[in-house]
Every structure is written in C-alpha cells, then in structure tokens.
Amino acid sequence: MKYQSIKGTKDILWPEIIEWRKIETIARGVFKTFGYSEIRTPIIEETGLFIKSVGEDTDIVKKEMFSFKDRGDRDISLRPEGTAPIVRAYVEHNLDKTEPFQKLYYMGPMFRAERPQAGRLRQFQQIGVEAIGSDNPALDAEVIFALTELLDSVGIKDYALRMNNLGCHEDKKKLSVALKKTFSKNDITILLCDDCKRRIRTNPLRILDCKNENCKIVVRKHFKEIDFLCPGCKTYFNEVLQFLDLLDIKYTIDPYIVRGLDYYTRTVFEVTHIDLGAQNAVGAGGRYDNLIHDMGGPKIGACGFALGVDRLLALRVKYTMPVWQRESMAVFIATLGAAAYKKGYSLMGELRKNDIACDIDYENSSLKSQMRTADKFGAKFVYIIGDNELKNGSAVLRDMKTTEQRMVKFEDAAKVIKDKAGRC
Ligand code: HAM
C-alpha cells in the first residue's frame, strides 16, 4: 500500500523549496530593517487559548480547529493562527516587565480544517508580525508598511489594501446590538442566507462580510444607517490614515471588513489580489487592544498582520518568473575503480571538514555519467581519480566552465580547491 499526504497538506519539493527559502530570507531582511525580532512558539496549544482569543462563535474555532485530547486528557489544538500563541508567550514570560514594547515576527505552519481548494489548505504557512505594547496610531501604519514592504520586496504588484475601523470594545458591542436589531426584522431576516440567519444570534458582525450576493445587497442597504463609532475611535483611525499617507501607502476604505477573528478592535485591514481567485486574501491583520489584558496580561495595545505564504508564492511565481538552478558546489569527485573510490571518499571527508562543498557518486556510475551529475549539481570543478592517479599521488582537477585541466597532488587538493572555488 502506498501512502499519500493528507488532503489539504502538501510536500514542498525542489525547485519550489528555493522560492520558499527566498521569501523567508527576504522577510527576515525586511523585519530586520523594521526592528522586529523572531519568536517561535509551539505548534500545539491548549484549545481554550483559541476559544478565549479568536472567539467561540467564529468559524475558525467552531468548525476549523484540529483539536484532540492528549494522553493526560487535556484539550489540545494545532494552532490555527499565530497571534494568540504569541500573546500567550508575552504574558507567560512577563515580557512587559523587561521591555513592555516588543516587536516580534514569526514564520511557521498553521492548521485549519477548511474544505481544501486552490489557495486554501489545511496546513498552510504564515509569516507575520505582532507589535505589542503601544496604542499609537503610528504603529498601525508601521505594521501595514512592513506588510506592503514585504510584498514589494517579494515582487508582488497590483495588490489592494483595504482598511476599516471596527471601533473599541464598546463600539463593537453597539454595532453588534444595532445589527441584531436591524437584521432581526422579519422582512429583512427572510432575505438573508441561512448562515447569516444564525449569525444574527451568534456573531452579527460577520453578516457584514458575508460573501452571499443577496446578503451583500441587503447589508449595503441597511448598514449605512448605523453610526456606532465613538469620537476617540474616529480620530484614531483618521490619524492611522494620515500616517499611511506620510509613508505614501495607497489604500481604500472598506466598511464591510470585519475579519473572522473576534479579538480585533479599531484598525483592521486586508490585502487582496485579483489573481488569487476565490481565496483572494494574501494577508490581513489589525489592532487588538484588549487581547493582552484578556489573556491575563497588562492593559496595553497591540497590532499585527499575517501573510499566507502559499498564496504569496503563487503570486511571486507569476511576477518574477524564476529560473531555478541547483545550488552550486565547489567540486565533484569522480572516480574509476574500487581503490580510487576509497581514496576519493576519504578525500571528500577532508574537503567537507575544510568547509568545501563537494560530493561523490553513490550509484556505481560510469565516468561519463559522473561528469553529467557534476554538471547537474553545478560543480565548479571535477577531481578525477583513477588507478594511475592513485599510483602517482595526484589527480586531474578539471574546471567545468573553461574545461582547463591541471594535476593537483592529493595533499594539496583542499587548499587548491578552496583558493580557486571559494566557498560555495
Ligand atoms: P487570517 O486572515 O486568518 O489572519 O490569516 C492571514 C492570512 O493567512 C490570510 O490572508 C491568508 O493569506 C492565509 N490563510 C488563512 N487561512 C488559510 C488557508 N486555509 N490556506 C492558505 N492560506 C490561508 C490571522 O491569522 C491573524 N492572526 C492575522 C493577524 C496577526 N492579526 C493580527 N496579527
């Protein structure tokens, strides 16, 4: 029986892995420029962490978590997102006591049991940041700047940034009550999809971003009447937009963005791309001013974003048309006969200990096919050892580019190759 990877998960093979590494390297560079340091948290967490933060009535918690009982009968989940675990770590390690304002970045797999389709996986990769410990509107703009800078550096064009203001906790409550009242009216309820009919009771805000065409029409007609933002939150959002203008970041305001996670307050944003089809969000985030306190920490504000790397990669391949090459190595040791192989094998050990990237044949190949392998590996040199070379104590070093050949003594091989090939 042959096993297959689980539906909604995927293997990342060469050459795609090269693009993954490039994106990760670019991201690390951007985050360094912006003053973020890396954090790694476990893939498993207590289920309660996500119920409390992401919210009991969200799709993620209700339908999409991979949850199980561990051997000690504890409720555990594979993390569906990175914000809650990072806030948990911030509070657990009392980071506010050493340095209350922390700019952290992360990259790693997240898990959601969604119905797999193009761009929607059950194990997917996110790169994100969380800036914890400030309620300055300049920080919201900086977080968004890090996101757009990363997209630009990866080579993505024509993405759209949409912004919205959800208001503070009280504003959200006001909005929720108003939505409940409006959409509970029988003549309006009847026009909504079954999910939205349920949302009137469980999570009225989510009615605003329902994808159903009928619901969109109904929402656009009735939402206009609701004024829920307090003066402080209105001013705050205007300041965020002014800081975005200072950074020359283009956006549109979309009052229907509510996000599928309950912890957001005030600023929320999404970055979409038309080329991604139905799953068009490449990244998203926002401010979560109550989460740290709700998780047992101090009363401080925070803001962050996460990018879906699988979607980012799909776009990058389109824009950059990468040419993939195997990583080059300094030298391939080609041998003829069993005795020469043993000499080549011990030489390989010596070269590697000297930090010289090299390889040798493992398939009992002919000399011709070893030369082909050397070429495929992008070897700068081939060191060719046969019976005569063994007798003479030196072998041919062939430059694969110029085809120039010279005899090099075994004891000099490491030094000569290092001098000529440098570090590969
Ligand atoms: P999110 O919108 O749930 O936000 O996810 C962020 C990004 O992850 C999405 O825009 C998308 O690109 C990618 N993504 C989500 N689900 C999938 C999936 N099933 N398959 C492939 N890609 C997916 C968050 O996770 C928040 N923690 C973001 C944040 C950070 N907010 C504040 N700080």
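These legends go with a few close-up views of a predicted model.

**View 1. Here is the ligand with the residues around it.** The shell around the ligand holds 27 residues, and the ones that come nearest are Glu81, Arg112, Glu114, Arg259 and Tyr264. Sorted by character, the shell splits into 12 nonpolar, 8 polar and 7 charged residues.

**View 2. Now for some polar atoms that face each other across the ligand's edge.** Look for Thr83: one of its polar side-chain atoms sits 2.9 Å from a ligand nitrogen atom. Val282 joins in through its backbone, with an N or O atom 3.0 Å from an oxygen atom of the ligand. Phe305 also uses a polar backbone atom, this one 3.4 Å from a nitrogen atom of the ligand. How much of the ligand does the protein bury? On its own the ligand would expose 650 Å², and 96% of that is buried by the protein.

**View 3. Which elements give two or more residues to the shell around the ligand?** They are three strands: β6 (123-132), β10 (281-287) and β11 (302-308). Strand β10 provides the largest share, with 6 residues. That strand is mostly covered too, as 6 of its 7 residues are buried.

**View 4. Strand β10 has partners to look at as well.** With strand β9 (residues 265-272), β10 forms an antiparallel pairing over 6 bridges. To find your way along this pair, start at Thr265, whose bridge partner in β10 is Arg287. Strand β10 also pairs with β11, again in the antiparallel sense, over 5 bridges. A handy spot to look for here is Gly286, which stands opposite Gly304 in β11. As you trace the strands, keep in mind that side chains in a regular strand alternate between the two faces of the sheet.

**View 5. Last comes a look at Lys172 and its surroundings.** Lys172 is part of helix α7, which covers residues 169-184. Is this lysine buried or exposed? Lys172 counts as buried because its relative accessible area is 15%, and the cut-off for buried is under 20%. Setting aside neighbours within four places in sequence, Lys172 is in contact with Leu166, Gly167, Leu205, Asp262 and Tyr264. You've met one of these already: Tyr264 is also among the residues that come nearest to the ligand. For a sense of scale, pick out Ala414, which is 242 residues away from Lys172 along the chain; the C-alpha atoms of the two are separated by 68 Å.

Technical notes:
Residues are numbered from 1 along each chain as its sequence is written. This is a predicted model: local features need pLDDT of at least 70, side-chain atom pairs count only at pLDDT 80 or more; totals for chains, interfaces and linings use all residues. Side-chain values use heavy atoms; hydrogens and water are left out. A residue is near a molecule or strand if one of its heavy atoms lies within 4 Å of it. A polar contact is a pair of N or O atoms within 3.5 Å; within protein, one must be able to donate a hydrogen and the other to accept it, and residues adjacent in sequence count only if both atoms are side-chain atoms. Accessible areas come from the Shrake-Rupley method with a 1.4 Å probe; for residues, only the protein chains shown count as cover. Helices (H or I, at least four residues) and strands (E, at least two) are DSSP runs, numbered from the N terminus. Ala, Val, Leu, Ile, Met, Phe, Trp, Tyr, Cys and Pro count as nonpolar, Asp, Glu, Lys and Arg as charged, and the others, Gly among them, as polar. Buried means under 20% relative accessible area, exposed over 50%, partly exposed in between (1.4 Å probe, protein chains only). Contact means heavy atoms within 4.5 Å. Two strands pair if DSSP finds at least two bridges between them.
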